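Reader: I have a model open on my screen and would like to learn how to read its strands and helices. Could you walk me through it?

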Amino acid sequence: MRLVLVLLGLVTFVTPLAAQNDSVLRRAMQDELARSMQGLHLDTMPRPYFIAYRIDESDVLTVAASRGSLLHRNGTRGRVLTVEVRVGDYTFDNTNFFAMPTGSDFVVLEGGWEGRNAEIPLDDDYGVLRRQLWLATDIAYKEALEQYSRKRAAQTGSGHTPALPDFSRDSVATTTDTISAPAPSADAAIALARQLSLLLRDAHEIEQSEVSVTAQRQRTIYLNSEGSSFTRSLPNATVRVDAVTRTADGMPLGETWTARAATVSDLPSPDSLSAATRGLVTTLIRRRAAVTADVYHGPVLLSGAAAAQVFRSVIGSRLIAVRRPTSDIPAFEAMAARHQDPFLDELGARVLPKFLSVSDNPTLTTFAGHFVGGFRVDDDGVRTHETRIVDHGILKTLLSTRVPVRGVPSSSGNRHEDRPVVSTMIVTPDSGLPDAALRQRLLSLVAERGLPYGIIVRRVGGAALSTMDNPFAMMAGMAERMQGTPSFETSEAVRLYPDGHEEQIRGATVADLSLPAFRDIVAASRTQTVYSAASLIPDLPAEVPAFFRIRAALGYPSTYVVPDLLFEELSVKPTGDEVPPRPVVPPPWANAHSP
């Protein structure tokens with residue numbers, strides 16, 4: 001049973017992470033772990049066979065500016081304690097089971113709250129830390145016993161014996177993976193956000209814009225009752241630029257651009273960031289004059305970021321081995337069965353063309369000069385390594401944790417929080433085509449079909465600012481993904497004509513892009529695009545409780561390295577969304593006499 005207990009405090013970001021010498025933290029964890037394994041026992045109920053403690057320390061800075069003005073500055077510092085208690089044995093324990101909670105344990109924790117989440121001092125007070133570990137372990141143990149009993153009763157009632165053990169064994173490992181990261185200057189981050197946002201203010205065609213700069217230093221200390229332990233640091237920094245314009249007929253067009261590095265000082269130079277921001281503006285203005293899309297059925301080339309974005313959503317998100325929990329609630333069992341990953345039944349089958357292979361490598365920190373993060377040990381304390389997931393089109397395995405899944409009995413070293421994650425997923429073609437040859441291959445397919453043009457999609461999805469205009473479209477997209485037939489609204493797409501010229505189109509959606517379509521990819525490029533999922537630090541408002549902001553900040557970003565992908569048959573349709581109403585009066589800068 002997992003219990004998350006937050007130990008946090010709000011201070012200025014420039015304060016160093018508490019106790020880079022972790023001797024007090026580690027001693028408190030070791031002492032309480034030994035005492036719990038020896039003495040944690042309730043009546044005739046089973047003792048824990050496994051306990052793990054993890055403390056995540058995080059300093060997070062987020063600043064945002066629009067049109068040269070600062071929107072907000074948030075600095076959050078905290079500690080998150082995660083306690084995992086398992087009772088039973090490796091074959092059958094309290095986990096992988098869902099039951100409706102019957103009650104809640106409440107204890108008084110430091111900070112004056114009642115419950116499992118509490119603010120307490122960040123000071124390395126051995127007595128306070130031991131008390132928190134003791135209370136958290138006690139709650140987790142009692143919940144584990146209740147889950148174990150209900151799971152045993154459900155199994156007895158059904159008469160089914162579990163086909164898989166609940167937890168796999170792994171080698172004991174001690175790892176230290178620390179990276180020194182100085183506390184970034186809030187003034188420097190604010191100056192950078194203001195500077196880049198000024199470039200968007202001067203473009204009168206841009207209606208909405210925002211530039212955010214985020215920086216995080218995270219240190220994790222972990223140990224478990226098997227003897228594994230690690231200390232790990234994961235610093236990262238991001239610049240994100242969002243902008244929205246509107247066409248003459250009122251259609252909003254959005255674009256997003258991001259840059260990532262280990263620290264703010266490692267980000268691209270101010271000149272490079274400025275050039276990329278100006279490029280985003282140029283792209284948006286050019287798209288304002290684009291023609292609206294028509295219904296099209298034929299070959300489509302997903303190029304650059306679009307290939308990585310679509311691959312991530314349709315394929316990458318399914319290449320993780322998530323165990324479907326059992327339950328004593330029939331409705332939950334039925335729902336879970338409907339949403340099981342289809343790739344669990346595809347191990348050994350061809351899921352991609354024979355010329356494509358896929359691997360995931362958490363040990364990489366950079367790829368082709370791009371920062372990708374990386375880690376040497378996962379949240380189970382398992383040492384990471386490269387995993388070959390798809391070999392020449394054949395699905396060989398899935399990314400996993402120590403929770404066995406049908407066909408994947410052991411960990412690949414990809415656990416983050418409660419599930420496996422993609423770290424750096426690389427799609428490699430056996431013999432990729434040069435860009436010019438791939439465009440010519442597209443035109444050859446167009447000629448075979450007797451079509452007037454082909455379509456190249458370079459980006460899908462708009463900026464976050466524009467998607468808020470249509471929340472119903474967002475919900476529809478989520479439903480399509482759950483059904484396995486997602487559609488992707490393009491943010492940059494062109495028609496490619498036989499003479500080689502391109503024509504921008506807007507309001508286009510690549511429809512019903514299902515898993516089988518990826519088996520029929522006909523060609524891929526030699527070049528690869530490095531794309532990082534925008535999941536670093538959500539820009540949560542200050543009124544959101546600090547606990548949730550800290551937990552959100554601990555998310556690990558995934559990187560996809562994907563070539564351009566040529567599909568022989570896809571459908572592209574007009575988006576069909578209702579155009580939101582334009583402002584009643586034009587923007588202030590439309591008046592030439594405005595200051």
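**Reading strands and helices**

Author: Let's begin with one facing pair: V358 stands opposite V390 in β16. This is a predicted model, in which local features need pLDDT of at least 70 and side-chain atom pairs count only at pLDDT 80 or more, while totals for chains, interfaces and linings use all residues. Residues are numbered from 1 along each chain as its sequence is written, and side-chain values use heavy atoms, leaving out hydrogens and water.

Reader: Which strands does β13 pair with?

Author: Strands (E, at least two residues) and helices (H or I, at least four) are DSSP runs, numbered from the N terminus. Two strands pair if DSSP finds at least two bridges between them. Here β13 runs antiparallel to β16 (residues 387-391), with three bridges. Five bridges join β13 to β20 (residues 424-429), also antiparallel. There, S357 has T428 as its bridge partner.

Reader: Are the two faces of β13 covered or open?

Author: In a regular strand, side chains alternate between the two faces of the sheet. In β13, L356, V358 and D360 lie on one side, S357 and S359 on the other, and all are buried (under 20% relative accessible area, 1.4 Å probe, protein chains only; exposed is over 50%, partly exposed in between).

Reader: How many residues of helix α5 are buried?

Author: Nine of the ten in α5 (residues 305-314), including F311 and V314.

Reader: And what does the hairpin of β2 and β3 show?

Author: β2 (residues 48-66) and β3 (residues 69-87) pair antiparallel over 18 bridges, with Y53 opposite V83. Two residues sit between the strands, and R67 takes a positive phi near 55 degrees.
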